[in-house]
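Visitor: Hi! Could you walk me through this one while I have it open?
Guide: Happy to, just ask as you go.

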Amino acid sequence: MTEQLKKKIGQLFMTGFPRNGFTKELKDFCTKYYIGNFTLNANDCVSTEGLCDLINDVRKSTFDATGIYPLIEIDQEGGWVTRFYEGATMVSGAMSFSAMQADEKKMYHVGQRVGGILRALGCNVSTSPVLDVNIDPNNPIIGTRSYGETAEKVIEVAIPFMEGMQSQNVICAVKHFPGHGNVSGDTHLNVVHNKVDADTLRKTEFLTFKKAFEAGAGGLMTAHVVHDAFTDLPATVSHEIMTDLLREEMKFEGIAVTDAMGMRGLEDLYPNGQSAPKAILAGCDVLLYYNFSLDALQKAVDAVYNAVDSGEITEDRINESYNRLIAQKERFKIALAEPDIEYAKKLINDKEGINENFADKLSSVTKIKDDGILGTLCDKKILCISPVCDALRGVEEKRRQILSFADIFAENLDNVHACISSLKGITPEVENAISGEYDVAVIGIFDASSYKAQLDIMNALKNTGRPVIAVLLRTPYDYRYVKDCNAVITGYEYTTLSAKAIAEAIKNNDYRGKMPVTLPEN
């Protein structure tokens, strides 16, 4: 195999970083194998200076080794899937924008602002927006990351956001192609099937991607979902999906980035790097190794090399992806995407942008139910119980926003006793709080479908005979579990921005959000 061919193969890989950054070990590996692209997690985004220094180092090293500047990808959807949290960068999540009834102009503006900050930091790819149509309310991983339950709503809100971001020369890798919304499983954890027929898929889940491609999306991220109407393989490794559907039928010319190759929905089927050649053969262009493992990278590179040496993957196939990748790097001026620390700081610390983000979030807070209790809280003694925001499925990083809604609520309202709960049920501290003196209880509920033990706390509060207000911290679909409470409010995501907005809405009895999806009763 020639060095030139190895350089082209290296462009088809994207790796994350170990916890201590761009180490000599990783740098040497990337130089040896000409690795061409990188992905960031929240551990890499601790400070503006640190992130810019990291990206500068990576850009120089990659260009020295390959002669081509790298893609620097970040997962910046907004809401609870956010990697860089600071200042004006932290915006509401997808369903929140639908709840606030954001129009095309608003979404373009938000995308433009976030894209401008990312570009100033040196990030040139965002795996956003989410184009999944959240048809199944039991979906455990998409939920409020989706703009809605119809293709029309998703297209209306997501496409302008994409266009605004790409106006700043940040590639949007829209996701999760060809759809992750109409399933009740999580590809982080296992193999997931979509059993919908092909005609329905073309009218619903596929339609959002078709419109994004027509609007100029530079990239996409795949779903490791098996679409039974087309294939018995996860989309990422399916030629029927990644070539026949994507390239031949939909005419997409951008880059196809895989979802993380280490996810169980793929890794369980193809361990030890074997998914890498299969994804390339299917039609993928960039293989994403999000959680850094030099061993996993080595196995994947070796597997691709072996497939090329054996003739299973042809040089023409490598050239197809290489040429698509270079075309998008040129289109979005990746060579000029060096960090500008001072400009990034100016954009991140922009007070107008920060205030606008809070106003947006406040406009999304939605009152689902109220028997009259919400207007009587000003002179009440309140007990507020909530869990802290924590990792659920092993995909979030250590450096994430650890926060307590109860504490934030107590900071913003008078006469509130805050108590931290456990997702596993009633602790002695919670038991003591429930038996204490208060007039009204406010309980934060976080993903009750996964953590039903929280409902034991809610029921214990209800058994006291005092009013209970449920705050749905992650998803309005949890309404089915709390509909008997005196009032129910949702903020669509558990972030500091959302928690502060919910507290403000309750304080002023001001709920402007409109429910953008149908809530199941059972």
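Visitor: Which residues of α1 are buried?
Guide: In this predicted model, the buried residues of α1 are Leu-5, Lys-8, Ile-9 and Gly-10.

Visitor: And what do the buried residues of α1 pack against?
Guide: They pack against β1 (13-15), α2 (24-33), α12 (294-309) and α13.

Visitor: Where does Lys-6 lie?
Guide: Lys-6 lies in α1 too, the helix that covers residues 3-10.

Visitor: Is Lys-6 buried or partly exposed?
Guide: Lys-6 is partly exposed, because its relative accessible area is 21% and buried means under 20%.

Visitor: What does Lys-6 touch?
Guide: Setting aside residues up to four places away in sequence, Lys-6 touches Met-1, Tyr-33, Tyr-34 and Tyr-305. For a sense of distance, the C-alpha atoms of Lys-6 and Ile-135 are separated by 43 Å, and these two residues are 129 apart along the chain.

Visitor: Switching topic, how many cavities of 30 Å³ or more are there?
Guide: The count comes to 2. The largest cavity has a volume of about 70 Å³, and the second largest holds about 30 Å³.

Visitor: Which residues lie nearest the centre of the largest cavity?
Guide: Those are Glu-77, Gly-78, Gly-93, Ala-94 and Arg-145, out of 13 lining residues. By class, the lining of the largest cavity has 5 nonpolar, 5 polar and 3 charged residues.

Visitor: What lines the second largest cavity?
Guide: Its lining is made of Phe-22, Cys-30, Thr-31, Ile-35, Ser-61, Thr-62, Ala-65 and Thr-66. Two elements, α2 and α3 (48-66), give two or more residues to that lining. The most come from α3, with 4 residues.

Visitor: How does the lining of the second largest cavity divide by class?
Guide: There are 4 nonpolar and 4 polar residues, and no charged ones.

Visitor: You named Arg-145 just now. What is the distance from Arg-145 to Asp-259?
Guide: The side chains are 6.7 Å apart, and Arg-145 is the nearest side chain of opposite charge to Asp-259. Asp-259 is buried, yet has no salt bridge.

Visitor: Why is 6.7 Å not a salt bridge?
Guide: Because a salt bridge needs a side-chain nitrogen of Lys or Arg within 4 Å of a carboxyl oxygen, and Arg-145 is 6.7 Å away.

Visitor: Where is Asp-259, and what is it in contact with?
Guide: Asp-259 is in the loop between β9 (255-257) and α10 (264-267). Leaving out neighbours within four places in sequence, Asp-259 is in contact with His-176, Met-221, Thr-222, His-224 and Leu-288.

Visitor: Got another loop residue? Is Phe-332 buried or exposed?
Guide: Phe-332 counts as buried, because its relative accessibility is 3%. Its loop runs between α13 (315-331) and α14 (341-348).

Visitor: What is Phe-332 in contact with?
Guide: Beyond its neighbours within four places in sequence, Phe-332 is in contact with Arg-119, Gln-166, Asn-169, Val-170, Ile-171 and Gly-218. Phe-332 and Gly-218 are 114 residues apart in sequence, while their C-alpha atoms are 8.5 Å apart in space.

Visitor: Last one: how much space lies in the second largest pocket?
Guide: About 240 Å³. The second largest pocket is lined by 15 residues, and the closest to its centre are Leu-377, Cys-378, Asp-379, Leu-413 and Lys-507. That lining divides into 6 nonpolar, 5 polar and 4 charged residues.

Note on methods
Residues are numbered from 1 along each chain as its sequence is written. This is a predicted model: local features need pLDDT of at least 70, side-chain atom pairs count only at pLDDT 80 or more; totals for chains, interfaces and linings use all residues. Side-chain values use heavy atoms; hydrogens and water are left out. Buried means under 20% relative accessible area, exposed over 50%, partly exposed in between (1.4 Å probe, protein chains only). Contact means heavy atoms within 4.5 Å. On a 1 Å grid over the protein atoms alone, a cavity is a set of points where a 1.4 Å probe fits but cannot get out, and a pocket is an open set with protein on both sides within 12 Å along at least five of seven lines; lining residues have an atom within 4 Å of a point. Grid points are joined across faces, edges and corners, and a volume is the space filled by probe spheres set on the points. Ala, Val, Leu, Ile, Met, Phe, Trp, Tyr, Cys and Pro count as nonpolar, Asp, Glu, Lys and Arg as charged, and the others, Gly among them, as polar. Lys and Arg count as positive and Asp and Glu as negative; His and the chain ends are not counted.
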